[in-house]
Amino acid sequence: MAEELYDQLLASVGRSAPAESEARVVGHWPHVGSVYDGVVILGQAVYGWSDDFDPRTMTDYSARAEALRAIRARNTDRDEPMDWLATHRVRSSPFWTVARLVAEALTPVSSAPWISRFAWANLYPVAPEMGNPGGWLRAAQDPAAGALADALMTSLNARVVVALVGPYWWPTGTAPQFLHLEQQPRPLARSGIVDGTAWIVGWHPGGASRRGYPPRAYAEIIVNEARRLGV
């Protein structure tokens with residue numbers, strides 16, 4: 001199901017891509033830590049990734065299949081798919097600091113590093129080579145992003161999804177399975193249970209930090225909400 005929905009999303013990107021544009025895009029498939037136990041950190045979109053492709057070719061099924069094959073193969077040759085985080089400069093960013101604190105709290109395996117304890121996915125799986133999707137690229141994914149995220153979480157058997165997506169959530173939030181999520185005080189937005197999985201939706205940690213919720217305080221709010229939901 002997730003692969004079919006991803007193919008549909010890529011087809012939408014292909015139909016929407018401006019014919020005169022030579023901009024390339026990148027894709028992302030969830031990366032799953034070696035001791036993953038159901039904690040998913042869901043970001044807005046991948047930033048500065050490789051495996052780029054020409055979005056105009058995505059009207060062709062074989063081109064979509066090859067793009068998805070390359071996207072899915074990314075980091076599968078590593079024993080720890082996210083081991084690059086241990087030395088990368090972004091590891092101390094607000095986003096990854098919140099991810100680390102939440103993963104450590106919700107999967108307290110003392111013998112395993114935090115990078116192995118969660119799965120990382122993105123609400124908008126196709127992005128520019130640098131930056132978040134906007135304009136036609138975001139609009140092309142709006143109708144499909146929620147269903148794809150839901151299908152991916154089912155395939156991952158997620159027990160809690162921490163969606164650090166800010167306003168990128170709202171097109172997804174109108175999908176039937178998410179309509180009943182309850183509004184929460186800032187820096188959270190919505191939370192609740194969807195088909196047995198706890199969903200906690202909130203601001204992107206960068207924006208939260210600028211608005212007075214530094215990573216440690218934000219992570220504590222998320223963990224407390226997870227506990228309230230029974231995680």
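Start with helices H3 and H7, which lie oblique to each other. You're looking at a predicted model, by the way.

**Stop 1: the helix pair.** Select residues 94-106 for H3 and 215-228 for H7. Their axes sit 9 Å apart and the helices pack at an angle of about 40 degrees. That angle is over 35 degrees and falls short of the 65 to 115 range that counts as roughly perpendicular, so it goes down as oblique. Turn the view until one helix lies in front of the other, and you have a right-handed crossing of H3 and H7.

Now show side chains at the contact. From H3, pick Pro94, Thr97, Val98, Arg100, Leu101, Val102, Ala105 and Leu106. From H7, pick Pro215, Arg216, Tyr218, Ala219, Ile222, Val223, Ala226 and Arg227. Colour them by class: twelve are nonpolar, three charged and one polar.

**Stop 2: strand E4.** Next, select residues 119-124, which make up E4. Is this strand mostly covered or mostly open? Mostly covered, with six of its six residues buried.

**Stop 3: the partners of E4.** Keep E4 on screen and add E3, residues 39-45. E3 and E4 run parallel, paired through five bridges. For a landmark, zoom in on Val40, which stands opposite Ala119 of E4.

Then add E2, just residues 31-32. Here the pairing with E4 is antiparallel, with two bridges joining the strands. Click on His31 and look across to Trp120, its bridge partner in E4.

While the strands are up, a general point about side chains: in a regular strand they alternate between the two faces of the sheet.

Notes
Residues are numbered from 1 along each chain as its sequence is written. This is a predicted model: local features need pLDDT of at least 70, side-chain atom pairs count only at pLDDT 80 or more; totals for chains, interfaces and linings use all residues. Side-chain values use heavy atoms; hydrogens and water are left out. Axes are lines fitted to C-alpha atoms, for helices over the stretch in contact, and angles run from 0 to 180 degrees between N-to-C directions. Helices (H or I, at least four residues) and strands (E, at least two) are DSSP runs, numbered from the N terminus. Angles under 35 degrees count as roughly parallel, over 145 as roughly antiparallel, 65 to 115 as roughly perpendicular and the rest as oblique. A crossing is left-handed if the near helix is turned anticlockwise from the far one by less than a right angle, and right-handed if clockwise. Contact means heavy atoms within 4.5 Å. Ala, Val, Leu, Ile, Met, Phe, Trp, Tyr, Cys and Pro count as nonpolar, Asp, Glu, Lys and Arg as charged, and the others, Gly among them, as polar. Buried means under 20% relative accessible area, exposed over 50%, partly exposed in between (1.4 Å probe, protein chains only). Two strands pair if DSSP finds at least two bridges between them.
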